[in-house]
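Work through the following exercises with the sequence and the model open side by side. Each task is followed by a solution that proceeds step by step.

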Amino acid sequence: MHPIQTLTLAAIYMLTLSYANGFATLPSELDRLQRCQLERTYKMLGYNCANLNLKEIPQTLKSNLEIFDLSFNRIRDLSAQSFARYDSVKYLYLFENMIQNIEPNTFSSLTNLEAIDLSFNALKSVPLELFQLPSLRNLYVSHNALTELEADLVALEKPVKAPLQVLGLADCRLQRLPDFGILPDLWQLNISSNPMKELMLAQFSPMCNLKSVDLNNTQIPICPCQVLTAELVLRRTKVMYPPLYCIPLTTAEQNLCNSEVGREVDAGQVADFHQCMEVRNSRQLDTEAKSTWMKISAAVAGCIVLFACVLCCLHRRNAKHMKANRKKAQPSNMNRVVVLQVPGDQQHEQLPAENAKCDKLLSDCD
């Protein structure tokens, strides 16, 4: 039987079964090609493998890809070999899957990884190896029940190597802010939709560069929330979508909350803040030093180029003067009278004849 006929009969058979079960749709395998699409985005090579009902990471793609979109699939487990051959990946999207288990060292080889999205999965914790990746800036693990994260963070090696700038922890069932250690580069934090039983300013001490905090639908006790909001504003940190009760209505209410909450800060958290500031200041000094050296190098190079240009101009001018002098001297040499020396005997023979001619001319004149 011809392959096309076989495929058609199979489709009719599956459609009949679908109607029998109350569904009138063809299976997705017959509806579209199950292939990852090669794409280029911002001059980067990437594969779009989204919404293909994949259950594991494809291993037949080009290994030099930089963008890897595996969202909206049915991946449950990740092993150490899942991304072993894709060590050039910079942006990895794994949201909207069913990921439950991630073996150790699954992401260790992704030293170029800059952003990863593990949102909307079934994770109970965050792989600690992600915090040691040297280029990771954006980490999204929102909408996971991270009930084991706090216990796992005890084994986290601090300070973390990842230069995290954006951290998404929305709707992760967190009861307190996780302790990731010093995060001097973090400027955006999303902890919305979490039942925070304990949230104080001291917990934000290791995040001395924090610019934005999302508290949308976050459950925080009234007074701690009011004090936290006021203190974050004083630190020039933008509080996004705070609960209405976090904004004190009167000065008396604010003073009452301040006295109730108190301002005792743990010495370790104060040390974390100072250490975070030291890291930021040292990086700023390094940046300024590099900038200064770059300016000095550019100035020295400019002086060398200018000096070389001056020498070149002087050389050309001297060459022009020398050429002009040679041209002036050349005509005088051409006007010189060249006296041919005649041998002595011939000279004596020619003199009488010339004298005779001169005498004849003189007589004619008379």
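**Exercise 1. Place Met207 in the fold and describe its surroundings.**

Met207 sits in the loop between strand 10 (188-190) and strand 11 (212-214), where strands are DSSP runs of E of at least two residues and helices are runs of H or I of at least four, both numbered from the N terminus. The model is a predicted one, in which local features need pLDDT of at least 70 and side-chain atom pairs count only at pLDDT 80 or more, while totals for chains, interfaces and linings use all residues. Residues are numbered from 1 along each chain as its sequence is written, and side-chain values use heavy atoms, with hydrogens and water left out.

Next, consider accessibility: Met207 counts as buried because its relative accessibility is 3%, the class being under 20% relative accessible area, with over 50% exposed and partly exposed in between (1.4 Å probe, protein chains only). Finally, list the contacts, meaning heavy atoms within 4.5 Å: when residues up to four places away in sequence are not counted, Met207 touches Leu177, Leu183, Leu186, Leu189, Arg235 and Cys276. Of these partners, Leu189 is 18 residues apart from Met207 in sequence and 9.6 Å apart in space, C-alpha to C-alpha.

**Exercise 2. Find the residues with the most contacts inside the largest nonpolar core, and follow Leu70 outward.**

A nonpolar core is a set of buried Ala, Val, Leu, Ile, Met, Phe, Trp, Tyr and Cys residues joined through side-chain atoms within 4.5 Å. The largest such core has 61 residues, and Phe68, Leu70, Phe83, Leu92, Ile191 and Phe204 have the most contacts inside it. Helix 4 (residues 222-234) gives the most to this core, with three residues. Leaving aside neighbours within four places in sequence, Leu70 is in contact with residues including Cys49, Phe83, Leu92 and Asn97.

Asn97 itself is in the loop between strand 5 and strand 6, and Asn97 counts as buried because its relative accessibility is 8%. A polar atom of the Asn97 side chain lies 3.1 Å from the backbone oxygen of Leu94.

**Exercise 3. Which residues do ring pairs link into a cluster?**

The cluster consists of Phe68, Phe83, Tyr86 and Phe107; rings of Phe, Tyr and Trp (its six-membered ring) pair if their centres lie within 6.5 Å, with planes under 30 degrees apart stacked, over 60 edge-to-face and the rest tilted. The structure holds six aromatic pairs. Phe68 and Tyr86 form an edge-to-face pair, 5.2 Å centre to centre with 70° between the planes. This pair links Phe68 in strand 3 (residues 67-69) with Tyr86 in the loop between strand 4 (77-78) and strand 5 (91-93), 18 residues apart, and both Phe68 and Tyr86 are buried.

Phe83 and Phe107 are stacked, 5.8 Å centre to centre with 25° between the planes. Phe83 lies in the loop between strand 4 and strand 5 and Phe107 in the loop between strand 6 (101-102) and strand 7 (115-117), so their pair ties together parts that are 24 residues apart in sequence.

**Exercise 4. Judge how far the coordinates can be read.**

Begin with pLDDT, the predictor's confidence in each residue, from 0 to 100: the chain mean is 81, and 77% of its residues reach 70 or more. Over residues 1-32 the pLDDT is below 50, and this stretch has 17 contacts in the model beyond near neighbours in sequence. Where pLDDT is low, the predicted coordinates should not be read in detail.

Notes:
Polar contact = N/O pair within 3.5 Å; in protein donor to acceptor, adjacent residues only side chain to side chain.
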